[in-house]
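Biologist: Please take a close look at one part of the surface of this model, and then follow the chain outward from it. I am new to this, so explain each term when it comes up.

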Amino acid sequence: MSKESVKKFLRSQKRVLAVIVLIVVLSLFGEIFVGNFISVKQAFLTVKFATFVALFGLCQMVVVSSGRNAIDLSVGYVATFSAILGCHFMQGSNRGLLFSILLAVLAGAGLGLVNGLLISYVNLSPLVVTMSVSTIIQGIINVYASGMSLDGSPAPVLTTLVTGTIKGTFPNIIFLLLFVMVIVHFLTKRVKFGQLVCGIGENSEAAYLSGVNVKLTRCITFVISGIIAGLIGLILAGNMGMAYKDMGSTYVMPSYAAIVVGGISLGGGEMDYVRVVLGAIFLQVLTNLFILFGGGDAVKWFGYGAVLYVLLLFYANERKRN
């Protein structure tokens, strides 16, 4: 491989390398000032906890890539809703798992379709629509939970998939994340739909003139986001061993932060799930540092905000230069 090829590759992957450098710097900082921060076990735990943010980040990446400053604030409660439904029908038995997966897909698709129709065909703001849908789902869950207790538990095979380890060290859920990364890479790089989404995100008018059904394509991205969120709800239930109110809501803003840290264009037209996963890992490393230094949620959210502000300024300045 020639020097020119190496330089070209490094330029094309500079944002990936930038996030990796940030992760390494934070890890070294933790090792120097806290100690026992860098180890194989710690690395696996960090990736395990980052997996949930990374999965929700996939929902955000799909809708953000379609343009119009899209965002999906409903994914947290879509996940919670599907987790409650799933646990109710699984009741700790593997027999109800397939039916619960079907319910999660249908519930996520239906709620995502509501988002997509209102945003694409009624031309409402993605922020307002998804926040409204999220609030409605939250209300339904609260009414349901006030009338009866949230019963049920996930299937044992689901719990093993999410919480189990190989030889007591390597978490099973990391295999799931790697599998998702491979599938997403194939769908975004090799399948026409992924290219269409990026096309309308980059220039919707040009895509429309080329014969692309922009409204339908954008609507489908919200349906996909809802389906993914519904399935994530089952994964969360498997991790916690139960379903409860607000179990998915805490992942919404970190999932959006992950795509910002990964350098995904918020204006649309770009899909790179590897960078989203790295962004999630960076946020988890940052969270670990805050915990070890005794900082609470307030410190964590302040840190998230400060990092996002700096990175947004950096990426905006970079785009101006280009």
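Modeller: A patch is built from residues with over 30% relative accessible area and no salt bridge; like charges are joined within 9 Å and nonpolar side chains (Val, Leu, Ile, Met, Phe, Trp, Tyr) within 5 Å. Accessible areas come from the Shrake-Rupley method with a 1.4 Å probe, and for residues only the protein chains shown count as cover. A salt bridge puts a side-chain nitrogen of Lys or Arg within 4 Å of a carboxyl oxygen of Asp or Glu. The model is predicted: local features need pLDDT of at least 70, side-chain atom pairs need 80 or more, and totals for chains, interfaces and linings use all residues. Residues are numbered from 1 along each chain as its sequence is written, and side-chain values use heavy atoms, leaving out hydrogens and water.

The nonpolar patch here covers about 1000 Å² and consists of L17, I20, V24, L28, F29, I32, F33, V34, I38, L292 and F293. Helix α2 (residues 14–33) gives the largest share, 7 residues; helices are DSSP runs of H or I with at least four residues, numbered from the N terminus. One member of the patch is F29, which sits in α2. F29 counts as partly exposed because its relative accessible area is 37%, between the limits for buried (under 20%) and exposed (over 50%).

L292 and F293 also belong to the patch, and helix α13 runs over residues 273–292. The 20 residues of α13 should span 28 Å at 1.5 Å a residue, and its end C-alpha atoms lie 29 Å apart, which agrees; the expected span is 1.5 Å times one less than the number of residues. Of those 20 residues, 17 are buried, so α13 is largely enclosed by the rest of the structure. Just after α13, G294 has a positive phi of about 85°.

Q42 lies in helix α3 (residues 40–64). With a relative accessible area of 21%, Q42 is partly exposed. Leaving aside residues up to four places away in sequence, Q42 touches F37 and N288, where contact means heavy atoms within 4.5 Å. The C-alpha atom of Q42 is separated by 33 Å from that of L150, 108 residues apart along the chain.

For contrast, take S120 in helix α5 (residues 97–120). S120 counts as buried because its relative accessibility is 6%. Under the same sequence limit of four places, S120 touches K215, R218 and C219.

Notes. Helix = DSSP H or I, 4+ residues; strand = E, 2+ residues; numbered from the N terminus. Buried < 20%, exposed > 50% of the residue type's maximum accessible area, 1.4 Å probe, protein only.
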